[in-house]
Amino acid sequence: MIDQLNQQALYSLQLLLGFTYYYPLFMAYLWSIGAIWFYLRNEYGQRALPILKTHPRVSIVVPCYNEEPNVRETIGHLLTINYPDYEIIAINDGSVDKTGLILDELANTNGKIRVIHNAKNQGKSISLNTAAMLASGEIIVGIDGDALLDHNAIPWFIAHFESNEKIGAVTGNPRIRTRSTLIGRLQVGEFSSLVGLIKRAQRVFYRRVFTASGVITAFRRNALEDVGYWSPNMLTEDMDITWKLQLRHWDVRFEPRALAWILMPETVNGLWRQRLRWAMGGLQIVGKYKYMFLNWRNYSMWPLYFEHIISVIWACSVTTVLATYVLDLLVTLSKVVGEIDGYEFNSDVHQQSVVSLTAMLPEFSGVIIGTTCLLQMLLGMSLDRHYDQSLLRYYVWIIWYPLGFWVINMLTIIVALPMTIFRKSGLRARWVSPDRGVGS
């Protein structure tokens, strides 16, 4: 009976291992195939700026909270973009530094700039909502207070909106400019090989995207009005507005040639806080939009939903495997110590424990997964090198990505589960000054 139970436990463990090791392998190849197909259909040979039939007015919305070191550069860069008819609306959301003073100074020197001051921190969603309602543009472009919008980003956005009236949003291609540390350099590769690569693949396989990046996305004003703008209680307002639009059957597209140069965390603490918020935001999406299965017209969003659920299950399975491995190792070591000390030792049990321990270690899958990760990174960086000429020089650092970022992303999901479940319903998501890199 005991042997039978041990065999069943070993079999269950092997199934768990199979899922843990081969799920990311399968998804990596799926994403890569989709990204190549997207590139060949939408990017290959298309370098020249689109010829626009019209030039609708654009409102560039810049929510700011404690952006004193960066906001002057951000707004100054916006004044030089390549588009004839646009305004800049900057929202100072209760900053406690000199952000508000700098914005007022800039507004006094250029008529394109309008400034909105919130008396206290209301959160990014409220800032975006306020600016969008006061905007005069038919197209609303949202960027962060530390981002540099590429000079030619807006024409690429407008080309999509001209092509189809059901396009509600177009998300751009964020590029990392904090590259002075290992963490920063790893994110350079990550945003090409995961963020950009997955968005390309999702557009091919699902005709949908999970997230329209909050740091660079253009919205059709009518679409925002239709879904009631941004939700104040969502930790990741960009994920939420993406789902709201798509569940109302607005199309959300990805435009890799619409670039924004952004700052990202370069410390472990800053990276942890960012990824924990992302993980909690993804789990909020799962909880909020489970109702969509009641309407078969939402079927196009089901694959995205299940993909995220499976990724959460994968993170839990990896944690279980690691915990089992450590426990098995400790048991084995204790028995070896017992034998050395002269205690009675059962060789059969010892052999079974060693077999169990060996079963935890894949013979070749670890090498295959590591190689696949490197190939995926190379593919993603190769696709984006047309827009970021120095990109491939950071490939040499990518070998450290699975060791560090996979662990952090996995652990943040585990920590986020109880935090999201027990988070107070309706609690407003407010700003916290982020880590903008060691040089900011």
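## The sheet

Two strands are said to pair if DSSP finds at least two bridges between them. In this predicted model, strand β6 (residues 167-176) meets that condition with strand β8 (residues 251-262), the two pairing in the parallel sense over 8 bridges. Ile 176 has Ile 262 of β8 as its bridge partner.

These strands belong to an open sheet of 8 strands with mixed pairing, in the order β3-β2-β1-β4-β7-β6-β8-β5. The edges are formed by β3 (113-118) and β5 (148-149), each of which pairs on one side only. Strands of a sheet pair through backbone hydrogen bonds, in either the parallel or the antiparallel sense.

## Strands β1 and β4

Strand β1 (residues 58-64) is largely enclosed by the rest of the structure, because 7 of its 7 residues are buried. In a regular strand the side chains alternate between the two faces of the sheet. In β1, Val 58, Ile 60, Val 62 and Cys 64 point one way, while Ser 59, Val 61 and Pro 63 point the other way, and all are buried. β1 pairs with strand β2 (residues 86-93) in the parallel sense over 7 bridges. Within β2, Asn 92 is the bridge partner of Cys 64.

β1 and β4 also run parallel and are joined by 4 bridges; Ser 59 has Ile 140 of β4 as its bridge partner. β4 is likewise largely enclosed by the rest of the structure, since 5 of its 5 residues are buried. From β4, Ile 139, Val 141 and Ile 143 point one way and Ile 140 and Gly 142 the other way, and all are buried. The pairing of β4 with β7 is antiparallel, with 5 bridges. One of the bridge partners in this pairing is Thr 217 of β7, set against Gly 142.

## The loop before β1

Leu 52 lies in the loop between α1 (2-42) and β1. Buried means under 20% relative accessible area, so Leu 52, at 14% relative accessibility, counts as buried. Leu 52 and Glu 162 are 110 residues apart in sequence, but their C-alpha atoms are 7.9 Å apart in space.

## Helix α6

Helix α6 (residues 182-205) has 24 residues. From its first C-alpha to its last, α6 reaches 33 Å, close to the 34 Å expected at 1.5 Å a residue. The helix nevertheless has a kink of about 40 degrees, centred on Glu 190.

α6 is mostly covered, with 19 of its 24 residues buried. An α-helix has 3.6 residues a turn, so residues three or four places apart point the same way.

## Two residues with positive phi

Most residues other than glycine have a negative phi. Arg 207 has a positive phi, near 60 degrees, in a residue other than glycine. Arg 207 comes just after α6, in the loop between α6 and β7. Because its relative accessibility is 41%, Arg 207 counts as partly exposed.

His 249 also has a positive phi, in this case near 70 degrees. This residue is placed in the loop between α8 and β8. His 249 is partly exposed, with a relative accessible area of 29%.

## The internal cavity

How many cavities of 30 Å³ or more are there? The count comes to 1. The largest cavity has a volume of about 80 Å³. Of the 13 residues that line the largest cavity, Leu 128, Gly 214, Phe 219, Trp 230 and Glu 237 are the closest to its centre.

At least two residues of this lining come from each of α4 (124-134), β4 (139-143), β7 (216-220) and α8 (237-247). The most is given by α8, with 3 residues. By class, the lining residues of the largest cavity divide into 6 nonpolar, 4 polar and 3 charged. β4 is thus a strand with three roles in this account: β4 pairs with β1 in the parallel sense, pairs with β7 in the antiparallel sense, and supplies residues to the lining of the largest cavity.

Key. Residues numbered from 1 in each chain as written. Heavy atoms only, no water. Expected span 1.5 Å × (residues − 1). Bend = angle between axes of the 7 residues up to and from the residue. Buried < 20%, exposed > 50% of the residue type's maximum accessible area, 1.4 Å probe, protein only. 1 Å grid on protein atoms, 1.4 Å probe; cavity = no way out; pocket = protein on both sides within 12 Å on 5 of 7 lines; lining within 4 Å. Points joined across faces, edges and corners; volume = space filled by probe spheres on them. Nonpolar A, V, L, I, M, F, W, Y, C, P; charged D, E, K, R; others polar.
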